[in-house]
Amino acid sequence: MPTCPPTSELSDLLKNIFGYPAFRPLQQEIIRDSLLGRDVFALLPTGGGKSLCFQLPAMVRPGLTVVISPLIALMKDQVDGLRANGVAATFLNSTLSDAERRERWRGLQQGTFKLLYLSPERLLAGSMIDALRRWSVSCLAVDEAHCISEWGHDFRPEYRQLKDLRAHLPDIPFMALTATATTRVREDIVSQLGLRDPATYVASFNRPNLLYRVEHRDSGYRQVLAFLRKRSSESGIVYCWSRAGADSLAARLKDDGIRAAPYHAGIEREERSRVQESFLRDEIRVVCATIAFGMGINKPNVRYVVHHDLPKNIEGYYQETGRAGRDGLPAECLLLFSAGDVAKQMRFVDEKPDDGEKEIARRQLRTMAGFAEGPECRRRALLRYFGEDHPETQCGHCDNCLQPRETYDGTVPAQKIMSCAYRVRQRSGFAFGLNHVIAVLTGGDSERIRQHGHHELSTFGIGRDLSRNDWGAIARELISQGLLAQTAGEFPALELTPEGAEALRERRSIRLTRPREAVRVRSDKTGEIPCDVFLFETLRQMRKEIAEREGVPPYIVFGDTTLRWIAREYPETEEALRAIPGVGATKLRNYGDAVLRLVTRHLQNHPRQTFANIGGPPASSSSSAASRGERMPTTVRETLRQFRELGRLEAVGEARGLSESTVSEHLCIAIESGETLDWSRFFSGPEVAELKAAFDGSESDRLKPLHERLGGRHSFPRLRLFRAFWLAGRFGPIPAGRQTSGDDGSPDSC
């Protein structure tokens, strides 16, 4: 009967081997169920620590843990990282020489290794299954498990072979892990792999350290170049629709002095490997890539992802943006959008054979376009797509929240296009596509318009005051509002919905959002770790030298997060250095002396800087409360100043162009940073009594259940402010044993 060691033993392994003081959300639960012999399905966001869920149990179990990984580069990367932490791991793939293969095979027969990485093809080739039976396999983990599902965005036929594994290895626990999967894909993964009553864990899709932005693409190359030049010391990925586009963009960037290279399936495998290795080693700053680049990249310090062209679907967009900020530090995601992208990609979809997935591809593309053009909080829209409720209407860390787009009374243009769609259908007895309706609206002179008599309609030409692109944007917004709809099929038609007809009859006022031009949104860096910048850069140089000497990427030595904590805490003893996140026993032994000498030398020549308390080294770099207690950003100080002057949340929001929710978040940060605010400016005596009773009587300080318990009488911004005062001790002591971290979707951002 499998057993699981006590929590203290798992925590010791986590610190001694991997260098982390505490588990990230759900990791410990996943590890415990796996060690107890259960099949596990785990959906954790990119950067959420999936690999640890099978790596740490391998240190506890007898025998060998086999990891199925789709890409050679990903195997090598993970094995390099494990070896740097003193873990016996290896891989078998086509890159090995005969001598290397024989040596590793011999080590596997002798029980030398704890983890073995294989591709699906290698696993089921030749006598590998028989060999695994001899090697006492104790767990099988399938990484990037969404590749097994035809409903997923990254289906790989070779993964289908894995469905036979259960018959070959019936008595060992399986683990399936992925970062991106809708409900349908999750169910397909469980079915295809034959998971038996799996323990299922689905973490939040929220990546709080990522800033999401969408810009209108008016000069694509110049916009990309300007963006990259402002980030001259940082690494990033620029995704392009086509191979030719990736080649062209990389060549132009190189001509302009940017260390860039293309990556796509049309490049020889050796050259792709060289580009990937150079990127991992920080020798190439920017990779201009198609979607062929990404899954094999475990580089934690990708500081930005740019989409030069519109992604095909939300799943792809989410996974590609997820390559940024895997270390939990701030990162930026920029999408350049043009309405022409939608038409171009729709043509590609329509040219494909009708294999039953065509309509799905069309619907996904329309959803992606709606996300790009929509005025809603980007984070809220992403989370809703994956079935996660985000109770706040604004996240405060995307372009639509930081610089809300201007709305206007769009009743007249909305009535024009809705009436035109209705008149076209009324005249012909059937509906026409969006482009045809816009052509009628703008007075187009085409044979098709004349053939159907649409030039005689009362709505013909009444929209000449706007461009066709403008009308397309208005139509898509009305579709998102449910006033217009597009039918399914190869030639989707534009129709007036019952809600739209009612709005026309009642002459209802309709608000529309002005398109965003190429604005520049600036944001405080959620998750930033303030540190001695000069020491940080010196540590980076030391890391680079060690990495070159050992032939590994720099982040294998230490991640940026670890270097920032060193440059913040100035450890001068082994004990102090061991307390830094990411410094385990092996790294302390291998690199500790060099780090301590460097810190000592730095302090001899430079003053020690002090930084505002941010609660000590974080247990999880992906925590949604990473900015809690941090030195107040400029925007928070400005909100606080204006509140002291104006006295009302609404007035500050109006003056600064921020939502009430964002203003309250800023004030929470100020309160937790020690600023003095008078709670009576927000709450009456009876309200304090009611709210204090609710908080004191709750087992946690999560807001969603409290909001429901209070019957919705207090908004989330007000509840958040009360909690900030309450946790700061302004209303008396906090009950002992209170749980202060929540994963239930409550707005715990301040």
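## Exercises on helix packing, burial and contacts

Helix H14 (residues 339-351) and helix H15 pack at an angle of about 170°, with their axes 10 Å apart. Here axes are lines fitted to C-alpha atoms, for helices over the stretch in contact, and angles run from 0 to 180 degrees between N-to-C directions. Helices (H or I, at least four residues) and strands (E, at least two) are DSSP runs, numbered from the N terminus.

The model is predicted, so local features need pLDDT of at least 70 and side-chain atom pairs count only at pLDDT 80 or more, while totals for chains, interfaces and linings use all residues. Residues are numbered from 1 along each chain as its sequence is written, and side-chain values use heavy atoms, with hydrogens and water left out.

**Exercise 1.** Classify the orientation of H14 and H15, and describe their contact by residue class.

*Step 1.* An angle of about 170° makes H14 roughly antiparallel to H15, where angles under 35 degrees count as roughly parallel, over 145 as roughly antiparallel, 65 to 115 as roughly perpendicular and the rest as oblique.

*Step 2.* From H14, the residues Val 342, Gln 345, Met 346, Val 349 and Asp 350 meet Lys 358, Ala 361, Arg 362, Leu 365, Arg 366 and Ala 369 of H15, contact being defined as heavy atoms within 4.5 Å.

*Step 3.* Sorted by class, the contact of H14 with H15 has 6 nonpolar, 1 polar and 4 charged residues; Ala, Val, Leu, Ile, Met, Phe, Trp, Tyr, Cys and Pro count as nonpolar, Asp, Glu, Lys and Arg as charged, and the others, Gly among them, as polar.

**Exercise 2.** Describe how H23 and H25 cross, and list the residues that meet.

*Step 1.* The axes of H23 (residues 533-550) and H25 (residues 560-569) come within 9 Å and cross at roughly 135°, and the two helices are therefore oblique to each other.

*Step 2.* The crossing of H23 and H25 is right-handed; a crossing is left-handed if the near helix is turned anticlockwise from the far one by less than a right angle, and right-handed if clockwise.

*Step 3.* On the H23 side, Leu 535, Phe 536, Leu 539, Arg 540 and Arg 543 meet Asp 560, Leu 563, Arg 564, Ile 566 and Ala 567 on the H25 side, and by class this contact has 6 nonpolar, no polar and 4 charged residues.

**Exercise 3.** Treat H10 and H11 in the same manner, giving the orientation and the contact.

*Step 1.* The axes of H10 (residues 220-229) and H11 (residues 243-255) come within 11 Å and cross at roughly 50°, which makes H10 oblique to H11.

*Step 2.* H10 passes H11 in a right-handed crossing, and the contact is made by Tyr 221, Leu 225 and Leu 228 of H10 together with Leu 249, Arg 252 and Leu 253 of H11.

*Step 3.* By class, the contact of H10 with H11 has 5 nonpolar, no polar and 1 charged residues.

**Exercise 4.** Determine how many residues of H13 are buried, and name elements that cover them.

*Step 1.* Helix H13 (residues 314-321) is mostly covered, with 8 of its 8 residues buried; buried means under 20% relative accessible area, exposed over 50%, and partly exposed in between (1.4 Å probe, protein chains only).

*Step 2.* What covers the buried residues of H13 includes strands S8 (210-216), S9 (235-239), S12 (302-307) and S13 (331-337), as well as helices H15 (358-373) and H16 (378-385).

*Step 3.* For the protein as a whole, buried residues make up 55% of the 750 residues.

**Exercise 5.** Describe the surroundings of Gln 78 and of Arg 511, including their polar contacts.

*Step 1.* Gln 78 lies in helix H4 (residues 72-84) and is buried, with a relative accessible area of 7%.

*Step 2.* Leaving out residues up to four places away in sequence, Gln 78 touches Ser 51, Phe 54, Gln 55, Tyr 117 and Asp 143, and its side chain makes a polar contact with the side chain of Tyr 117 (2.6 Å). A polar contact is a pair of N or O atoms within 3.5 Å; within protein, one must be able to donate a hydrogen and the other to accept it, and residues adjacent in sequence count only if both atoms are side-chain atoms.

*Step 3.* Arg 511 lies in strand S17 and counts as partly exposed, at 45% relative accessibility.

*Step 4.* A polar contact of 3.0 Å joins the side chains of Arg 511 and Thr 407, while the C-alpha atoms of Arg 511 and Tyr 408, 103 residues apart along the chain, are separated by 5.7 Å.
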